[in-house]
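User: Could you walk me through the reasoning behind the labels used for this model?
Analyst: Happily! Have a look at it, and then ask away.

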Amino acid sequence: MAESKESAKGLHIGFIMDGNGRWAQRRGLPRTAGHTKGAQVFQDMVKYCKQLGVEAVTFYAFSTENWKRPKSEVDAIMRLLKEYLRRAFDYKKEDNRIIILGDKTPLSDEIKKLMAEIEEGTKDNKGMTINVAINYGGREEITHAARALARRVAEGTLDPDQIDEEMLAGELYTAGQKDPDFILRPSGEKRLSNFMLWQSAYAEFIYMDVLWPDFTRKHLDAAIEEYCHRSRRFGGI
Ligand code: IPE
Ligand code: IPE
Ligand code: MG
């Protein structure tokens, strides 16, 4: 931890929390048991990242494609989400800022209300930023931003030639935040699955062969250490 502590300061880390279903199935348990365990790991990672002085974390909790799953699994994930959103009120005391990334429209009124309360209640906090991506898709996010800019053009308040990268980034759910320095995907899969497509342009990718419910602080230490050995050039030399 001592080493991680120095190197993790100021980072933005993206977590693709994957492998919950396989973790449960390997134990002969229903997939939802994996989501329950995965949510506990999420909570511990928030605590640990805070201790390490990480600036921002983004957790991929539910994608725009995850609605394809059986209704019983989606319902179980939404129940867990509600439970953790309620618990998030504690985070207020910890000075974390909580932001929900994604299209909230199809979520239940109860979840929307909880999200609004948490975002509003933590918006002036100066500690770590915790982004939770729910009904999030990188393509949906960019489409949503394009629509917002198009609306201003149609109203006559924006000239298309004024649109630049900064302006588009300002319409993303992550507006005003730094891009992720590295994105971590456990579970052995080596893909983004529609996560932070715009923001990951120069992110480092770290894939790990551990399922998310088995992910520990030691795994994060190892990931940070690997990140520190990468040479980021951003197109330079
Ligand atoms: C990630 O674990 C959680 C969500 C996508 C909601 P999975 O449920 O995808 O687990 P695997 O990949 O099937 O093992
Ligand atoms: C990505 O995992 C989404 C989340 C972790 C929330 P998936 O399990 O949905 O991704 P694929 O289907 O393996 O690409
Ligand atoms: Mg998966």
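User: What makes the pair formed by a side-chain atom of Arg 22 and an oxygen atom of ligand 1 a polar contact?
Analyst: Keep in mind that this is a predicted model. A polar side-chain atom of Arg 22 lies 2.7 Å from an oxygen atom of ligand 1. The cut-off for a pair of N or O atoms is 3.5 Å, so this pair counts as a polar contact. The side chain of Asp 18 has an N or O atom 2.9 Å from a ligand 1 oxygen, and a polar backbone atom of Gly 19 is 3.3 Å from an oxygen of ligand 1. Around these contacts, the protein covers 88% of the 380 Å² of accessible area that ligand 1 has on its own.

User: Where does ligand 1 sit, and which element gives the most to the shell around it?
Analyst: Ligand 1 sits in the largest pocket. Two or more shell residues come from each of α2 (20–26), α3 and α4 (71–87), and α2 gives the most, with three. The shell has 13 residues, and among those that come nearest are Met 17 and Arg 69.

User: How do you know that the length of helix α3 agrees with its residue count?
Analyst: Helix α3 covers residues 31–52, which is 22 residues. At 1.5 Å a residue the expected span is 32 Å, and the end C-alpha atoms are 31 Å apart, so the two agree. Just after α3, Gly 53 takes a positive phi of about 85°.

User: Why are Phe 42 and Leu 52 in α3 called buried?
Analyst: Buried means under 20% relative accessible area, and both residues are classed as buried, so each falls under that cut-off. Other buried residues of α3 include His 35, Met 45 and Tyr 48.

Note on methods. Residues numbered from 1 in each chain as written. Chains lettered and ligands numbered in written order. Predicted model: local features only at pLDDT ≥ 70, side-chain atom pairs only at ≥ 80, totals over all residues. Heavy atoms only, no water. Helix = DSSP H or I, 4+ residues; strand = E, 2+ residues; numbered from the N terminus. Expected span 1.5 Å × (residues − 1). Buried < 20%, exposed > 50% of the residue type's maximum accessible area, 1.4 Å probe, protein only. Near = heavy atom within 4 Å. Polar contact = N/O pair within 3.5 Å; in protein donor to acceptor, adjacent residues only side chain to side chain. Areas by Shrake-Rupley, 256 points an atom, 1.4 Å probe, with all protein chains shown as cover. 1 Å grid on protein atoms, 1.4 Å probe; cavity = no way out; pocket = protein on both sides within 12 Å on 5 of 7 lines; lining within 4 Å. Sits in = over half its atoms within 2 Å of the grid points.
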